[in-house]
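Student: I am new to this structure and would like a close look at a single part of it, the largest cavity. Could you take me through what surrounds that space, and then through what lies beyond it?

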Amino acid sequence: MKNLIVGLCMLLLLMIFPLQSILDIVNKHKMDRFDAIVYRATQIARTEGRFTEDNIQDLKNNILACFPDITESEIVIDVTTTPKYRTNEFDEREVIYYKIGVPIKKIIAANRFLGIPDSDNSALYIKEGYVLSEVLP
Amino acid sequence: MKPLIIGLAILILYCTFTITSFDLNMHQRQVIYLKHVAEELSISASLFFDYSSYSEGYVVFNEAEGIEALEWQMKKLLRLDANFIPLPNGYWTEKVDYIVYFYDDSLQFRVYNNGFLTDSGPFSYPYLHEDEETFYTLAITDPTVIVKLRASKPRYRASFIPDNITNVCSASHEWKGR
């Protein structure tokens, strides 16, 4: 009986880990998809010289399709929307900046069991960088 | 007592597994990102031409400007300092090296290793670019820039993971239909 009780307690504790592995796989898939979505958007921006409204809306739609648990207002998008041009010499002022972020809402699987509040169990996954414009002036 | 001890041992094993699994996922994502960065750098290095040759219908790369753009963007994207050593908020822990190959209508290939010219020579289209390190093979038929990045020591917290891992990624960008 004692062994049964101890065994059940240990089983309860050990069940956290398979759940965490599953959550890690799901989050990894989401982040990999997000990386691919952002990369595609930055390549389009490079060929257009800026992030156009269509590109930004397409980016948001793709992110929302991949992250069904978030709303459009939670997506962080800080990108260059003014036209940038390809120059004969490298000029830092003519690069296209992007900072695109999305909240990952569940990082630890059994957070409440471990005493972690829901507000601490999320993080913002951000892709930030620069691409050079290919648009001729 | 026995289930408790065995359970604690399994708990420690599971913790190690979970942490290593997370580190592996992060490493995989950073290697894919390194490939994206290599692609982006090859594009950036190929954007600058020698316009006197271009006016005659030849695409000859302006390597000085291309390398300047490449180095600036590489430092920003991989979070490196002026000496290409990762900053504390970067993923890699040792200096990131790059090699860039320029093949253009001058019919002279040039190879720059961290900004220094290390090889050059004649070539003609079509030319087979082969990399013995990565087995990256490309048939050069048009002006092309190839960038190879070498990043070392990913972040693994488990001590049993060897720390001499080096990831190498290559990417190319070519100008077609001039």
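Tutor: By class, the lining of the largest cavity has 8 nonpolar, 3 polar and 3 charged residues, where Ala, Val, Leu, Ile, Met, Phe, Trp, Tyr, Cys and Pro count as nonpolar, Asp, Glu, Lys and Arg as charged, and the others, Gly among them, as polar. This is a predicted model, in which local features need pLDDT of at least 70 and side-chain atom pairs count only at pLDDT 80 or more, while totals for chains, interfaces and linings use all residues. Residues are numbered from 1 along each chain as its sequence is written, chains are lettered from A and ligands numbered from 1 in the order in which they are written, and side-chain values use heavy atoms, with hydrogens and water left out.

The largest cavity has a volume of about 130 Å³ (on a 1 Å grid over the protein atoms alone, a cavity is a set of points where a 1.4 Å probe fits but cannot get out, and lining residues have an atom within 4 Å of a point; grid points are joined across faces, edges and corners, and a volume is the space filled by probe spheres set on the points). Of the 14 residues that line the largest cavity, those closest to its centre are Tyr39(A), Thr42(A) and Tyr98(A), together with Tyr33(B) and His36(B). At least two lining residues come from each of helix 2 (16-48) and strand 3 (123-132) of chain A and helix 1 (2-45) of chain B, helices (H or I, at least four residues) and strands (E, at least two) being DSSP runs numbered from the N terminus. Helix 2 of chain A gives the most to this lining, with 5 residues.

Two of the residues closest to the centre lead on to another residue: Phe51(A), leaving aside its neighbours within four places in sequence, is in contact with Thr42(A) and Tyr98(A), among others (contact means heavy atoms within 4.5 Å).

The search of the whole structure finds 2 cavities of 30 Å³ or more, and the second largest has a volume of about 70 Å³. Its lining also draws on both chains, including Tyr85(A), Phe90(A), Leu132(A), Leu47(B) and Phe48(B), and the residues of that lining divide into 6 nonpolar, 2 polar and 4 charged.

Terms used. On a 1 Å grid over the protein atoms alone, a cavity is a set of points where a 1.4 Å probe fits but cannot get out, and a pocket is an open set with protein on both sides within 12 Å along at least five of seven lines; lining residues have an atom within 4 Å of a point.
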